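Reader: I would like to learn how to read burial and pockets in a model. Please take me through some cases.

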Amino acid sequence: MSETKPMPSGYRGMWAWVDLDSRSVRVTPADPVLCRDYVGGRGLQARLLYEKLKAGGPLRDPLSPANRIIIGSAAANDTAIPTAGRGSCSFIGTMARSPESAAWVPGHKPLYGLITHSSAGGLFHNMLKRAGIDQLIIDGRADRPVRIEVVEGTVRIVDAEDSLFEKAGGRSVPRTASAITDELARKIKGSSTLCVGPAGWNLIDFACLTADYHRNFGRGGAGAVFGSKNLVAVTAYGKEPVPYAEPEEFKKLGQELDRIIKASVEDPNRTASFRPTTGTTWWLDRAFNGRYLGVKGGYLPWHNFDEGVFDSADYARVSTDAFLAISGKHNVCNKCRHIFCTRSAKVESGPYAGEGVRPEFETIALWINCCILDRDAIFHMNDLCNELGVDTMTFGSVMAGAMELSEKGFLSGYGSRLRFGDAAEMIQALKDIAYGANDLGRLLGHYTDRVIAEVAARSAPGALSDIAYCATTAYGGLGYAGINPKAFPGMFTAYGTSNRGRGDHTYAWTIQAEEGGLKEARDLAAYVAEGQAGKALVDSLGLCDFFTGDITAEPFLSLYRALTGIEYTADSLKACGRRIYDLERRINNAQGRDRTYDAFVPAKLKVPLTRGALQGRAVDEAFYNSVLDAYYDYWGWSRQGLVKK
Ligand code: SF4
């Protein structure tokens, strides 16, 4: 740690090291050099994970006490920069792993879990910062259920109260996220809580953490890591304002940035213009039929990624407009301005009547991929996922695979009644998974390669490849996101190379560029790699994917200098993004990832789409491999996907 450089402004400048084994907490000054070189949030956390793994060696079991989970913020968090309410959580993921042999993967090599960064909005991360802590670094495992309080500079580990638990299936499990949050809010007035749900406690590999009732560290299994540590919740409360290097300059430049963001939201030719109304759900129409500045659509996943389009009358039941019809007031993250993607929602009557938030595009798309055409059931299930602590996206991918397995008879020994389009059975399966309530629930709550092996062991000899065919989450996949991976080679590359695991859509996004004609292997590779380095920066700055300003140009660079005192140029800031992505890849190499993982193409995705504007498209494995070559060259990695020493 460097102690000679002054700490930049903007940060609180303190890190809390929590050791659950010894029930001890150390609060130390932050390292100013790391804050400069790795920016904040995701970047700093990658570095802090790297230090742990360098000392202890690669982590073979993400559910062991040796996994480190870090929660925190960045210099920009809690400032007036629009969308400055996104917090970071990093750990070695539980879903993106395949440690045992897997005969359905050509050349399979063991994968022990990838570095996973998850971004969540809400208030919690800004409250943690107000409470005086930039990064909460949690190691070990408590010998009984505990929770953490961070209140006005003091960090305490306390026994989790019995009232946070209930009995389910003869076991004591945490109550729902809203019940835990309400209870802890009563204990510490004005606080904000991040908590595990029953799914995390039961070590479901795609369990999430829930902040402020419905903001999630969703992908990768953060909830399971909390569960493995006997950690129920973190509650934060504080009032400290952000320190600025040049407050007046920040105010002036902030107004300039505000005008830019506002103009982009008011420009009808930019996608930001409809975000305050539709949120992310505008992608439903764009992917289905090309509405909202798209082309012809044809890539909304249907029937476990078999197709990208289906009957239009059926689609109308779950379209962008269908979800607009139940949308209410904005319900946005702390410090969000202008962009405002989240709205409340209300279903007035019927079996799924209730109030909550409108589900996101990715969630809806992946449940449409299960052929669910009941909008109200989707609304209800989204609410249930928030309460039980289940990542909606991976749950959708797991369910699509399970429905196909079930219809083909492979799950009959587990009592499965899952069928495509059957919302009631899907809701039941969600509860069964979260609570580990029966054989089917216990089976489906694990990383996919374990599921494939277990089902194959109970099936006729020779069934293995047919079973693996159903599971696009195979070989350590998180599950593909809501754009059919057959449709766009660039998007398939983004999915295949994301540092947090196959199927992730947030690290690079190519649809607009590919619809606009981007198609050469080298161009696709460069576009994906630049997107990944840029996203590493956005996450490290504590901003949202939907921030519409340019973070590597003026006025943002001057604004950031007025906040922190750090004089980044466009090049030096971009270099931070590359450094962060490269370091994450280095960690992943040590965890078993190389080209074998990146190059895996699930057999199902080689079968062409038979309908719609993109009929005939499928993943072309040879072309994808040429993109991978160019991608590794771009990063300066070996053609085996290894970061060079
Ligand atoms: S645009 Fe949406 S996700 Fe981003 S900060 Fe605003 S409300 Fe949160």
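Author: We take a helix, a loop residue and a pocket in turn. This is a predicted model: local features need pLDDT of at least 70, side-chain atom pairs count only at pLDDT 80 or more, and totals for chains, interfaces and linings use all residues. Residues are numbered from 1 along each chain as its sequence is written, and side-chain values use heavy atoms, leaving out hydrogens and water.

Reader: Why is helix α19 largely enclosed by the rest of the structure?

Author: Buried means under 20% relative accessible area, exposed over 50%, partly exposed in between (1.4 Å probe, protein chains only). Helices are DSSP runs of H or I, at least four residues; strands are runs of E, at least two; both are numbered from the N terminus. Helix α19 spans residues 489–497, and eight of its nine residues are buried, so the rest of the structure largely encloses it. Among them are Met491, Phe492 and Tyr495.

Reader: What covers the buried residues of α19?

Author: The cover includes α20 (511–515), α21 (521–541), α23 (570–590), α24 (595–599) and α25 (621–635).

Reader: Now a loop residue. Is Ser64 buried or exposed?

Author: Ser64 is buried, at 16% relative accessible area. Its loop runs between α2 (41–56) and β3 (69–72). Contact means heavy atoms within 4.5 Å. Beyond residues up to four places away in sequence, Ser64 touches Leu59, Arg141 and Lys229.
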